[in-house]
Amino acid sequence: MNVVAFARAKQGTGASRRLRNSGRTPGIIYGAAAEPQLIEVDHNSLWYALKKEAFHASVLELDLDGAKSQVLLRDVQYHPYKQLVLHIDFQRVDANTALTMKVPVHFSGAEESPAVKIDKYLVTPVVTEIQVICMPKDLPEFIAVDLSKLEKGSTIHLKDIALPKGVKLAAQTNPALVSVAAPAAVEPAEGEAPAA
């Protein structure tokens, strides 16, 4: 994904307020043994880009006044109640340095699993993202987890999933990724006879 940014000369509360009033969002790029660089980004294009999952978990191509560099989204500050991005932070990516990043987890196949199809159990994702370590070129947009073989009484843990080549888990723990539970019994309404 591409981000177009422009160098920002002024900083401070007043300058940032004026920038936001003109439809721009103030930001900063830092890292990779270079000086931090103040930037500004078009607010509306940034707002819609932030709605995409890939924008949060991918290496982005940043065009700063014609010079291209690779960055990661590191922080976003939103207004408490307006649809407004107040500030954005990007970190430069060094192609030769491993990253530690949170990557979304996409679950599929739960409806076809014996736990749901035969036993009518409920399968609920517990984890929505996992932290991985990899080189920038190997960073996956998401990790896919197939639940089609899930049976009642079984569970899938973090270390059970297959990771793409060049990607390792950052966590030392092994939490469950999904919970498989029997549906709660439906209580009869007051005055109704229980089902036979």
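**Group meeting: an extended chain and its two helical faces**

A compact globule of 196 residues would be expected to have a radius of gyration near 16 Å, whereas the chain we have here comes out at 23 Å. I should say at once that this is a predicted model, and everything that follows should be heard with that in mind. The C-alpha trace tells a related story, since along its principal axes it spans about 75 × 45 × 25 Å.

Let me stay with the whole chain for a moment. The secondary structure consists of four helices and 12 strands, and 34% of the 196 residues count as buried. If we take the contacts between residues at least 6 apart in sequence, 65% of them join residues that are at least 24 apart. The chain exposes about 12,000 Å², and carbon and sulfur atoms supply 52% of that area. As for charge, there are 21 positive and 22 negative charges, and their mean positions lie 8 Å apart.

Now to the first helix, H1, which covers residues 13-21 and in which Ala15, Ser16 and Leu19 are buried. Seen down the axis of H1, these buried residues fall within an arc of 100 degrees, so they line one face of the helix. The face turned away from that buried side carries the exposed residues Thr13, Arg18 and Asn21. What lies over the buried residues of H1? The cover includes strand E2, residues 24-31, and strand E3, residues 34-42.

Leu19 is a useful residue to look at more closely within H1. With a relative accessibility of 11%, Leu19 counts as buried, because the cut-off for that class is under 20%. Setting aside residues up to four places away in sequence, Leu19 touches Arg8, Arg24, Thr25, Pro26 and Glu40. For a sense of distance across the model, the C-alpha atoms of Leu19 and Val123 are separated by 47 Å, with their positions 104 residues apart along the chain.

Just after H1, Gly23 takes a positive phi of about 90 degrees. Which residues other than glycine also have a positive phi? Ala32 is one of them, with phi near 55 degrees, and Ala33 is another, also at about 55 degrees. Ala32 sits in the loop between E2 and E3, and Ala33 is placed in the loop between E2 and E3 as well. Ala32, at 45% relative accessibility, counts as partly exposed, while Ala33 is exposed, with a relative accessible area of 90%.

The second helix, H2, runs over residues 43-50, and its buried residues are His43, Leu46, Trp47, Ala49 and Leu50. Looking down the axis of H2, we find these buried residues within an arc of 165 degrees, so they too line one face of their helix. The cover over the buried residues of H2 includes E2, E3, helix H3 at 53-56, strand E5 at 67-78 and strand E6 at 85-92. It is worth keeping in view that E2 and E3 are among the elements covering the buried residues of H1, and that E2 and E3 also appear in the cover of H2.

Further along the chain, Phe107 lies in strand E7, which comprises residues 99-108. Is Phe107 buried or partly exposed? At 23% relative accessibility, Phe107 counts as partly exposed. Leaving aside its neighbours within four places in sequence, Phe107 is in contact with Pro125, Val127, Val145, Leu147, Leu177 and Val178. One of these partners, Val145, is 38 residues away along the chain, and yet the C-alpha atoms of Phe107 and Val145 are separated by 4.9 Å.

My last residue is Lys117, which belongs to helix H4, residues 114-117. At 54% relative accessibility, Lys117 counts as exposed. Not counting residues up to four places away in sequence, Lys117 touches Glu111 and Glu112. Lys117 and Ala57 are 60 residues apart in sequence, and from C-alpha to C-alpha they are 33 Å apart in space.

To close, I would go back to the overall picture, in which the predicted chain has a radius of gyration of 23 Å where a compact globule of 196 residues would have one near 16 Å. Within that chain, the buried residues of H1 line one face of the helix, and the buried residues of H2 line one face of theirs.

Conventions
Residues are numbered from 1 along each chain as its sequence is written. This is a predicted model: local features need pLDDT of at least 70, side-chain atom pairs count only at pLDDT 80 or more; totals for chains, interfaces and linings use all residues. Side-chain values use heavy atoms; hydrogens and water are left out. Buried means under 20% relative accessible area, exposed over 50%, partly exposed in between (1.4 Å probe, protein chains only). Helices (H or I, at least four residues) and strands (E, at least two) are DSSP runs, numbered from the N terminus. The arc is that of the directions from the helix axis to the C-beta atoms. Contact means heavy atoms within 4.5 Å. The radius of gyration is taken over C-alpha atoms; the globule rule is 2.2 Å times the number of residues to the power 0.38. Accessible areas come from the Shrake-Rupley method with a 1.4 Å probe; for residues, only the protein chains shown count as cover. Lys and Arg count as positive and Asp and Glu as negative; His and the chain ends are not counted. The place of a charge is taken as NZ of Lys, CZ of Arg, CG of Asp or CD of Glu.
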